[in-house]
Amino acid sequence: MVIEGRALLKSTDNGKSWAQVGAGLPRGTPNSITIDPRKPDTLYATLFYHGSHYEPKVYKSVDAGENWTAVGEPERRYGTVSVDIMPHTPGTLYAMVSGKGGLYKSTDGGENWINMGLMGQVTALVGDPQT
């Protein structure tokens, strides 16, 4: 799975060919995607910008990216720019929110989010594969 411009592309032949996927995602610019290591057909994505506004929703696919539904919103005032899953804790996600949004955590697969108290300009989010 790759992000190219405003498209989410998927390859099923080790990168020889690519097809656009993403039914259910609003028109916009995909910004972040993460795969659940325990369920490889489950993916989470964020869109940096769509239409004429930022919308901080996290989207989930349970069919390897073919179809997507919105799950939760970490922070309505800012755009979500990154999401990551904790491999050893099923259903635990972290979302980095742009601007003064900060860092948010979900323990139910993105349905609900809590502010982790890290406010300000967070610019990158990388999970530890050992925890």
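Biologist: Which residues form the largest nonpolar core of the protein?
Modeller: The model is a predicted one. A residue enters such a core when it is buried, is of a nonpolar type such as Val or Trp, and is joined to others through side-chain atoms within 4.5 Å. The set of 10 residues that results is Tyr 44, Val 58, Val 71, Val 83, Ile 85, Leu 93, Ala 95, Val 97, Tyr 104 and Trp 113.

Biologist: Which strand supplies the largest share of this core?
Modeller: Two elements give two or more residues to the core, namely strand S8 (80–85) and strand S9 (93–97). The largest share amounts to 3 residues, and the strand that supplies it is S9.

Biologist: Which residues does Tyr 44 touch, not counting residues up to four places away in sequence?
Modeller: Tyr 44 is itself a member of the largest nonpolar core. Its partners include Ser 32, Ile 33, Thr 34, Tyr 59, Lys 60, Trp 68 and Gly 109. The list is completed by Val 58, Val 83, Ile 85 and Leu 93.

Biologist: How many residues are in the other core, which lies apart from the largest one?
Modeller: Among the members of this other core are Leu 25, Leu 47, Tyr 59 and Trp 68. Its residue count is 8.

Biologist: How many strands does the protein have?
Modeller: From the N terminus on, the elements run β-β-β-β-β-β-β-β-β-β-β. With 0 helices in the protein, the number of strands is 11.

Biologist: What percentage of the residues in the protein is buried?
Modeller: A residue counts as buried under 20% relative accessible area. Of the 131 residues in the protein, the buried part is 44%.

Methods
Residues numbered from 1 in each chain as written. Predicted model: local features only at pLDDT ≥ 70, side-chain atom pairs only at ≥ 80, totals over all residues. Heavy atoms only, no water. Helix = DSSP H or I, 4+ residues; strand = E, 2+ residues; numbered from the N terminus. Buried < 20%, exposed > 50% of the residue type's maximum accessible area, 1.4 Å probe, protein only. Contact = heavy atoms within 4.5 Å.
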